[in-house]
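Student: Got a few minutes to go through this fold with me? I'd like to jump around a bit.
Tutor: Sure, pull it up and ask away.
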Amino acid sequence: MDPQATHQLPQIVCIGDSLTQHGWDVGKRGWTAQLAQTYLRRMDVVNRGLSGFNTRWAKHTVPRIISPQNIRLVCILFGSNDAQFAPGKYHVPVDEFTDNLRDITRMFAGARMLLVTPPPVADRLYESMFEGPADRCCESTRLYADAVRSLAEELRIPCVDLWTAMETTATSTNTALDSFLWDGLHLNANGNDLLFSLLLQAIKSSYPELNPDSMPFVVPGHLDFANLDELTHMLAHSTSQKANE
């Protein structure tokens, strides 16, 4: 089949650690699953979350698992594993973390991007998962959220500040961070809902051309044609338009 005659959907690529990999968990209203639902027939959402990965490992892995073609938006969320206490296996010093994150953004030079801060850690709940001391904490992770904000400002990439939004919402509603994190580290349904809403707000404000409310279907809707001949004509016309973009 002629590749020019196909209707490949543009992509939103989501890169990160377990907070992204778990984004497909529909039982917890995963944020990448919500993005996929929102952009049905408009863009494909590609989840390249790598549970347990830090930026040191990710910058060598991402080029091997993502094709740069047809990408409209890249969402990048790292920091929770890098923030493990030294000399833990996952720990990456914050300066190196910043450099690694910068290197990852360079892989998508020219593409639209969103940098997402890691969320806070609900220390008491997270500590309950360990028999001994926990391997990271809220204050250590804060440094990595700060680094994401600073890098986003330096590179002029929109920042989705999940850290601040979660802390602010918890304070304003007089609730604990536990209400957003099922184990003190990973997002529950409330946390996923919050991240999804922040991402959609950022897309609409920073990249209005990707607003799902105004994007047409890539393939015509069934009410838009009367028969196969009309459908074939519409497909050929839209393919020709795409080839000229």
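Student: Where does Arg 41 lie?
Tutor: Arg 41 is in the loop between α2 and β2. Keep in mind that this is a predicted model.

Student: And what's its phi?
Tutor: Phi of Arg 41 is positive, about 65°, although the residue is not a glycine. Arg 41 is also partly exposed, with a relative accessible area of 37%.

Student: Which other residue, not a glycine, has a positive phi value?
Tutor: Asn 174 is one of them, with phi near 55°. You'll find Asn 174 in the loop between α7 and α8.

Student: Is Asn 174 buried or exposed?
Tutor: Exposed, at a relative accessible area of 72%.

Student: While we're on backbone geometry, which peptide bond is cis?
Tutor: The one from Ala 86 to Pro 87 is cis, and its omega is near 5°. Pro 87 belongs to the loop between β3 and α4.

Student: OK, new topic. What's the strand order in the sheet?
Tutor: The order is β2-β1-β3-β4-β5, an open sheet of 5 strands with parallel pairing. At the edges are β2 (44-49) and β5 (159-160), each pairing on one side only.

Student: How many bridges join β1 to β2?
Tutor: There are 6 bridges between those two parallel strands. In that pairing, Gly 16 sits opposite Gly 49 of β2.

Student: And how many bridges pair β1 and β3?
Tutor: Also parallel, and the count there is 6 bridges. Cys 14 stands opposite Cys 75 in β3.

Student: What about β3 to β4, how many bridges?
Tutor: β3 and β4 run parallel and are joined by 5 bridges. Leu 73 faces Arg 112 of β4 across that pairing.

Student: Is β3 mostly covered or mostly open?
Tutor: Mostly covered, as 6 of its 7 residues are buried. As for helices packing on the sheet, α8 lies across β3, β4 and β5, at about 145° to β4.

Student: You mentioned two cysteines opposite each other. How many disulfides are there?
Tutor: A search of the whole structure gives 0 disulfides. Cys 14 is in none, and its nearest cysteine sulfur, that of Cys 75, is 4.5 Å away.

Student: Why doesn't 4.5 Å count?
Tutor: Because the two sulfur atoms of a disulfide must be within 2.5 Å, and the sulfur of Cys 75 is 4.5 Å from that of Cys 14. Cys 159 is in no disulfide either, as the nearest cysteine sulfur, again that of Cys 75, is 12 Å away.

Student: Are Cys 14 and Cys 159 buried or exposed?
Tutor: Cys 14 is buried, with a relative accessible area of 0%, while Cys 159 is partly exposed at 30%.

Student: Now the core. Which residues touch the most other members of the largest nonpolar core?
Tutor: Trp 31, Leu 35, Tyr 39, Leu 114, Leu 195 and Leu 199 do, out of 35 residues in that core. Elements that each supply at least two of its residues are β1 (11-16), α2 (31-38), β3 (71-77), β4 (112-116), α7 (162-172) and α8 (189-206). The largest share, 8 residues, comes from α8. Apart from this core there's another one of 24 residues, including Val 13, Ile 71, Ile 76 and Ala 147.

Student: Say I zoom in on Leu 35. What does it touch?
Tutor: Beyond four places away in sequence, Leu 35 touches Cys 14, Val 45, Phe 196, Leu 199 and Ile 203.

Student: Last spot: Thr 55. Which helix is it in?
Tutor: Thr 55 is in α3, which covers residues 55-65. With 0% relative accessibility, Thr 55 is buried.

Student: Which side chain makes a polar contact with that of Thr 55?
Tutor: That of Asp 82, at 2.7 Å. Leaving aside neighbours within four places in sequence, Thr 55 is in contact with Phe 78, Asp 82, Val 92, Phe 97, Asn 100 and Leu 101.

Student: And where is Val 92 found?
Tutor: Val 92 is in the loop between β3 and α4 (94-106). Despite the loop setting, Val 92 counts as buried, at 0% relative accessibility. Its contacts beyond four places in sequence are Asn 54, Thr 55, Arg 56, Asp 82, Phe 97, Asn 100 and Tyr 144.

Definitions and conventions. Residues numbered from 1 in each chain as written. Predicted model: local features only at pLDDT ≥ 70, side-chain atom pairs only at ≥ 80, totals over all residues. Heavy atoms only, no water. Buried < 20%, exposed > 50% of the residue type's maximum accessible area, 1.4 Å probe, protein only. Core = buried A, V, L, I, M, F, W, Y, C linked by side-chain atoms within 4.5 Å. Helix = DSSP H or I, 4+ residues; strand = E, 2+ residues; numbered from the N terminus. Contact = heavy atoms within 4.5 Å. Polar contact = N/O pair within 3.5 Å; in protein donor to acceptor, adjacent residues only side chain to side chain. Pairing = 2+ DSSP bridges. Axes fitted to C-alpha atoms, helices over the stretch in contact; angles between N-to-C directions.
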